[in-house]
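Open the model in a viewer and keep the selection tool at hand. The stops below go from one contact to the next.

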Amino acid sequence: MSILLNRETRVLVQGITGRIGRVQTKWMLEYGTNVVAGVTPGKGGEEVEGIPVYDTVAEAVAKQGAEASVFFVPPPAIKEAALQTIDAGIRLIVVVTEHIPVHDVMEIREYASDRDVQIIGPTSPGVITVGEAKMGIMPGNMFTPGRIGVISRSGTLSYEISINLATGGLGQSTVVGIGADPVIFTNMPELLRLFEKDPDTDLVVIVGEVGGVQEEKAAEFIDRWMTKPVVAYIAGHNAPEGKRMGHAGAIIHGEYGMGTPQGKIAALREVGVDIARYPADVVGLVKKHLTPP
Amino acid sequence: MFCREGIPVPDYALAGSPKEAREKAQEIGLPVMVKAQVLTEGRWLAGGVKTAQSLDEVEKAASHILDSSIRGLPVQQVMVARKVETAREFYLGITVDEYRGTPMAILSAEGGVSINEIANNRPESVVSRPVSITKGLLPSEAWHMCREVGLSGKELTQVADILSALYRVFRNYDALVAEINPLARTPQGDYLALDAKVEIDDSGLFRHPELNLAMENRIPNPLERKGREIGVTYVELDGDIAIIASGAGLGMASMDIISQRMRPANFLETGGAITADLLYKVMDLVLQKKGIRAVFINVYGGINPIHEGAKGVVRYMQEHNVTIPVMAKALGNHQEETWEIFKEHGVHVVTDVSTEKGIEQLARLLEVGT
């Protein structure tokens, strides 16, 4: 089934009655996603694209058997929405919303830590199991079914790399935008673990960028646990120090010498990961691994 | 912020002129420290902190500091604070462990210099521990940390109380970093926070209207400020090729590739919610910088269909008679329609899916050697 979601997954859309929620629901349905319910407090009883809307997640779970949820909820409402969704027993949450306070992310993360739920994001473009279903805002026509897993901190670069892979005759199994904030709910190594045990994935592409330690931690994991090949691209070689490059988490702390692309590349190379100089170079590196010598 | 949580600080007053600084210093009593009040760090190195032994020195220091700017931010106020004799200095900090996703409390019995310097030179003097954000920093955890840096008795509880108060500042103000450096122990055994820093999460600012942090006091670069106002991230660079990207990763990748042969004038990221109005404003923003040779647009339709954005670009070009080359790579929902709109209005369209190819095309157009 690839990872996280497939065409059977019963998907709930939170914030379905908003402008973005509506159009994205339409596109998710067009892609083949099994959207079964929507939630907006106070809008229970309405319909969007023929999908019933409920006031609470518990109701959507009870009436429609929703098991995964994608959030188009504004930042101030995220904490409440997440806690209620976790309590209702949803097992996968994808948070597309940007600009959520870091303290709220930490609170939700701690609340989720001893419960059986996987949360992706925040500031995630979504998760797409190619040819089956998508939760999020990724344009479906950027992806082609295949056997490469993609983990990306950037939405747009996940599109760029997937479409280039496809042009090179290489499709994707699942593409996950893990989110671009300083604190994210699911770190890179956890997704590597899921891809490692997924029978539908042969190779994983990591798309990293300046800031944080996700790539360094991924390198530690690869060294210890990965048997499948990994290829990486890291953006931001020319990013100036001390500036947040669009993503809240994309910042090089000059004083600390932390978060530099050079450090990330060195850590990944050290454990045998091939590094693409530019996004489209990923294609050649992937081919090298998948073609027997 | 700090006083409200019961963190003791030396007597101080704020002054907007050298004369006012002199009066305040007289009330507080000499010697005093005169410190720049700006929303950035590094003021010590920038000459924004001076000691004054006499009232004349206070006036001179205040006048010097008020005439200066620190990291591009003009100094509008100085703090005049009683100079404190110190017997010992500590570092106290609460920060975010980004990878674990928890607050992290840090304590060191070596204050005064930066925590990184302390951690590099005397790692054994630094203790840190993750804090449960739902429980908060428990007194017993603070006591434990104080014990680990060698404190005992009354000192242990005093410093622990200040660490707990600092944690409350961190939580109450949505801080990413809250630190006291140094916390001084006077020869009389009192504890006073001599310098402190709080970095507040931009995404949490909506909960703190009382702080009233005007953007012109935080962001010195006018183009970067303008970017914030229209809801995009703009970072000024020193080249002449303007970049407009619909995502941060794509923007950085474009910057990296352009930097090989040309020089980017800026980084700009719009986010996925592109509208005609937004791209109109963004064109205006990147072209405010002098000497732009070309604009490279690299966008994916995510939240909104991409042809809407194209309409904004071409409307701007028509109204402002833009004659420099504009090149666009646009993929996603409604891409064919988008290409039509661009082509009709003289925008060079990249139909290849790779950004490298697009930038090669741009280099050929500008006749940049390979």
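Begin between the two domains of chain A in this predicted model: 17 residues of domain 1 of chain A are in contact with 20 residues of domain 2 of chain A. To set up the view, select residues 1-124 of chain A for domain 1 and 139-293 of chain A for domain 2. Taken over C-alpha atoms, the centres of these two domains of chain A are 25 Å apart.

Next, stay on the side of domain 1 of chain A that touches domain 2 of chain A. Select helix 1 (19-31), helix 4 (102-113) and strand 7 (118-120) of chain A; each supplies at least two residues of that side. Which of the elements gives the most to it? Helix 4 of chain A does, with 5 residues. Colour this side of domain 1 of chain A by class and you will find 11 nonpolar, 5 polar and 1 charged residues.

Now move to the contact between the chains, which takes 55 residues from chain A and 48 residues from chain B. On the chain B side, pick out the strands that each supply at least two residues: strand 8 (102-108), strand 13 (233-236), strand 15 (266-269), strand 16 (294-301) and strand 17 (326-332) of chain B. Add helix 7 (248-258) and helix 11 (355-365) of chain B, which also each supply at least two residues. Then isolate helix 7 of chain B: with 9 residues, helix 7 gives the most to the side of chain B that touches chain A.

Last, colour that side of chain B by class. Its residues divide into 19 nonpolar, 22 polar and 7 charged.

Key
Residues numbered from 1 in each chain as written. Chains lettered and ligands numbered in written order. Predicted model: local features only at pLDDT ≥ 70, side-chain atom pairs only at ≥ 80, totals over all residues. Domains from an automatic or database assignment. Contact = placed C-beta atoms within 7 Å. Helix = DSSP H or I, 4+ residues; strand = E, 2+ residues; numbered from the N terminus. Nonpolar A, V, L, I, M, F, W, Y, C, P; charged D, E, K, R; others polar.
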